[in-house]
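User: I'd like to learn how to read a two-part protein model. Can you walk me through it?

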Amino acid sequence: MEGALRDGGGNPVEGQLAPPAKVHFRVTRFIMEAGVKLGLQSIPIATACTIYHKFVGESALDAYDPYLIAMSAIYLAGKVEEQHLRTRDIINVSNRYFNSGSEPLELDARFWELRDSIVQCELLILRVLRFQVSFQHPHKYLLHYLISIKNWMNRYSWQRTPISVAAWALLRDSYHGALCLRFRAQHIAVAVLHLALQVYGVEVPADSEAEKPWWQVFSDDLTKPAIDSIVSDLVHIYTMDTQVS
Amino acid sequence: MDRDLLRQSLNCHGPSLLSLLRSEQHDNPHFRSLLGSAAEPARGPPLQQFPGRKEKRIDNIEIQQFISKKADLLFALSWKSDAQAVSEVNEDHEEHYAVMPPLEQFMEIPSMDRRELFFRDVERGDIVIGRISSIREFGFFMVLICLGSGIMRDISHLEITALCPLRDVPPHSNHGDPLSYYQTGDIIRAGIKDIDRYHEKLAVSLYSSSLPPHLASIKLGVITSEELPLYYRKSVELDSNSLESYENIMQSSLGFVNPGVVEYLLGKLGIDESNPPSLMRGLQSKNFSEDDYASALRKKQSASWALKCVKIGVDYFKVGRHVDAMNEYNKALEIDKQNVEALVARGALYATKGSLNKAIEDFELALENCPTHRNARKYLCQTLVERGGQLEEEEKFLNAESYYKKALALDETFTDAEDALQKLHKYMQKSLELREKQAEKEEKQKTKKIETSAEKLRKLLKEEKRLKKKKRKSTSSSSSVSSTDESASSSSSSSSSSHRRHKKHKKSRSESSRSSRRHCSKASSSQVDDDRGEEYYPLPINTTASFLNQKQEVEKFLEKQDRLPYPKTQVKEKDRYSLCSSSAEIPDDFGGRSEDSRDSYNSYKTQAGSSKTEKPYKSERHFTNRRDSSESFFRSSEDKIRNYGNRRFDRDVEGRKEHSRRWEPGSGRQPPSPASSECSGKSLEKYKKCAYSGSRDFFKPEQRYQLNANQGEYEREDNGGEDLKTEALGEDRPSSKDQPERVKKNLPQNLLNIFNQIAEFEKEKGNKPKNK
């Protein structure tokens, strides 16, 4: 039924031929785009992506329609993060995503069936994830780190450099992959911040003179190789972006 | 493209990034111009500037590739969101977010570097907090312990002293040394006034003028230890237990679990969540179409859903199920409040049902939402004109005029409104002239009568007096009158007809009182126009009068018929009305302007006021009409009835007077502005009316006489020839009987229209039970 929703635009062969990572990339891209169009904030989008990654990690890829899982994940994430969404909006945005330029669906029996399938799938997700659907996201950590860094940096160089925006973008984009499942939130936050600083060639003042590098202050159990591996994964997500699309 | 930012990045990453950028961004014109200049190695501006930093360079090829690929996004100017240069106050609350001790404290950066960085980063206007270390005659020195705005640094161990000169210490009393107020060890909040970065010297001030405007409300001077910034207190805590990690402090902080912490910090850092940043090309939200957003889609969907409901409603409407149609329209409007089609359809339904005001509301709302909607405009015009017609009927001429004008403002080409407006103007003037003419005529007739039949006059005057006397004596109720009137004819049908007639009189009385109001207003407005010059209303002299008299004739004719073969006429009349109503059964199109409208009007009247006989539809006609018919009525009946009629007549006059009184306050409120003829007309009207009612009282006997004289003619007419009648009423009465037909057609179209629709509605109402 949900396959019917993307009869027009979806790529029918991707499910069979494309490697799982690419499917997940596409589906999480869908979650993010739909999330933006639904007016979702970063945290609910992150939750939806995490639910999706966690779900597909626990079940076979071809057992369920990944986009239905994604739609239900968005719906569930809205509930978890207290930014409630209407299924009608989710269906509308998804339909428009799959069949771009199409008119909104009529509110007929088929529409209500689609809606039911989202709600049913939501229950399935909850059972598969054993009702553990609240997550510690790196967002909060990252923001606190940014405040601390900001106070230690020269205010003019901070103003000149869009470190916070870049770091925020990197963090949002990181959900294309399953980083959120493999690394601690603090580590991801530090890695994102690290990459953002490097991109703009900004150094934390007196870091070389310090007893403890700044990233270790934020997380004691973090090592330089760990950061590098996360950064490498992050960069890989962007190379995947060019490969997939 | 932010060149400085790119240069900064290139400085850090070195020539390898530069070459990568060249290969990746060679299509981008911004980069080409920027990197093209750097293409010549001799000019490679920033790269060779700091050769000493080369070893510090990060040679992570992966990151450099990433930078070069995303350079257009990373160095775009639009990303410079955190541009707010204001240094905010560090009075953050614990519950907003986890306020942390300064980073350098965790990093354990040597004091020398911290001190150096402090003097690099501190700015004029920053708030510093310190303890007074010594007081001299030229001011006091303080050792800084923390910062109150701008940057949050750990400076308590840096032994930074600042001087607050005497001239920057505000006096606390009129006399004495201002410094005597302060003691060594006091905690002082002060604004930085001067920085000598090279010699690492600071001058502070206690005047708030040293602070930037947005901080000016902060009190400088002595503070208590509770007023110290939160970050400093946290930093002191950390000092006492240096094993505490950043993470532990953060997670044990109340602000960290605040559900709104992300939003709060996003705002503090200047990140826009409504337009979320991304380095993915497919997720650039500026490329998203507005139409793809949930709200837009929902709106569209609701609109089409509502339209569906409207269609169903229209189908119901077509088969006459108006309640179902209304339900569908309301449902549509529930789904989509501003749905233009639903508003127009509901407006049309309201208009059909006769709720013109509601219809106008709906149409206006529809036009507000969609000013180009043709049907909404069309219907609104029509409904406005209809409503205007109704108001005209209710004698609210100024309101009616405004409705017509509104309709014309909407659609200049809407001829119905223009016609109606012109007609109204004409009509207002006509009735005004009629009033004048009547007064004239009365005058004339009075003199004429006196000349020609002085004898008769005297006789009639006598009779009049007698009538008056009797009237005063008489206390019989109207019901007794009605039961006894027309006692001459003994049949039961005649009594019922008299009932009817009685009602007619009542009605006509009230109408005449209203018509008199109208006359007055007309008279006054014409007066105004007379004052200004006659050219505005060049009307044929005869029209109104003839109009009036034709009607009279019809009335009289009917009357005659009534009187002569009584039971027969009764039946005849009934037949006629049933015929009329049946002709109105033929469904008329909405807004159709057909010729048979008068029939439908009549049928409506018969249906509404079941026992009412032919009622003149122009009240102005009544004015004279009533007198004829009632007088003739008096004549043929007994004295009692005559008294009754007279009394009523008197009441009539009284009512008119009352009416003129009623008008006074309203007209008094109107400022006599010469700009609007309506206004001045109204105010003039007042005087005119007073004069009028006075004159009426004065003329009463004569008038009565004249009417009675008319009545005499009636008597004669009953007996014999019509020629007598014409002779008595003057030459301005046309004799042809087909005139009334033309008059009918001359009725304002909008009125006919309304009556049509009302009739149709009535009919539908009647039909509905059958449908169900």
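Analyst: We'll go through the fold of one chain, then the interface, the cores and one buried side chain. Keep in mind that this is a predicted model.

User: Fine, let's start with the fold. How many helices and strands does chain A have?

Analyst: Chain A has 14 helices and 0 strands. Read from the N terminus, its elements are therefore just α repeated, with no β in the run.

User: And what share of chain A is buried?

Analyst: Of its 245 residues, 65% count as buried. The surface that chain A exposes comes to about 8700 Å², with 51% of that from carbon and sulfur atoms. For the contacts, look at sequence separation: among those in chain A that are 6 or more positions apart, 79% join residues 24 or more positions apart.

User: Now the interface. How do people usually put a number on one?

Analyst: Interface size is often quoted as the accessible area lost when the parts come together. Here chain A and chain B bury about 7700 Å² between them, and 60% of that is on carbon and sulfur atoms. In residue terms, 81 from chain A are in contact with 84 from chain B.

User: Which three residues supply the most of the area that chain A buries against chain B?

Analyst: His144(A), Trp152(A) and Arg155(A), which together supply 11% of it.

User: Next, the nonpolar cores. What's the idea there?

Analyst: In soluble globular proteins, nonpolar side chains tend to be buried together. The largest core in this model has 175 residues, and those touching the most other members include Ile163(A), Trp214(A), Phe66(B) and Phe140(B). Helix α12 of chain A, residues 185-199, gives the largest share, 11 residues. Domain 1 (20-128) and domain 2 (139-243) of chain A both contribute, so this core lies between them.

User: What does Phe66(B) contact, leaving aside its neighbours within four places in sequence?

Analyst: Phe66(B) is in contact with Leu170(A), Leu195(A), Val199(A), Val235(A) and Tyr238(A) from chain A, plus Leu74(B) and Leu279(B) from chain B. There's also a second, separate core of 42 residues, with Leu333(B) and Val385(B) among them.

User: Last one: is Asp126(B) buried or exposed?

Analyst: Check its relative accessibility against the cut-off: Asp126(B) is at 1%, so it counts as buried, which means under 20%. Asp126(B) sits in the loop between α6 (111-121) and β1 (127-136) of chain B.

User: And which side chain does the side chain of Asp126(B) make a polar contact with?

Analyst: That of Arg155(A), at 2.5 Å. You've met Arg155(A) already, in the trio from the interface.

Conventions. Residues numbered from 1 in each chain as written. Chains lettered and ligands numbered in written order. Predicted model: local features only at pLDDT ≥ 70, side-chain atom pairs only at ≥ 80, totals over all residues. Heavy atoms only, no water. Core = buried A, V, L, I, M, F, W, Y, C linked by side-chain atoms within 4.5 Å. Buried < 20%, exposed > 50% of the residue type's maximum accessible area, 1.4 Å probe, protein only. Helix = DSSP H or I, 4+ residues; strand = E, 2+ residues; numbered from the N terminus. Domains from an automatic or database assignment. Contact = heavy atoms within 4.5 Å. Polar contact = N/O pair within 3.5 Å; in protein donor to acceptor, adjacent residues only side chain to side chain. Areas by Shrake-Rupley, 256 points an atom, 1.4 Å probe, with all protein chains shown as cover. Buried area = accessible area lost by both parts, 1.4 Å probe.
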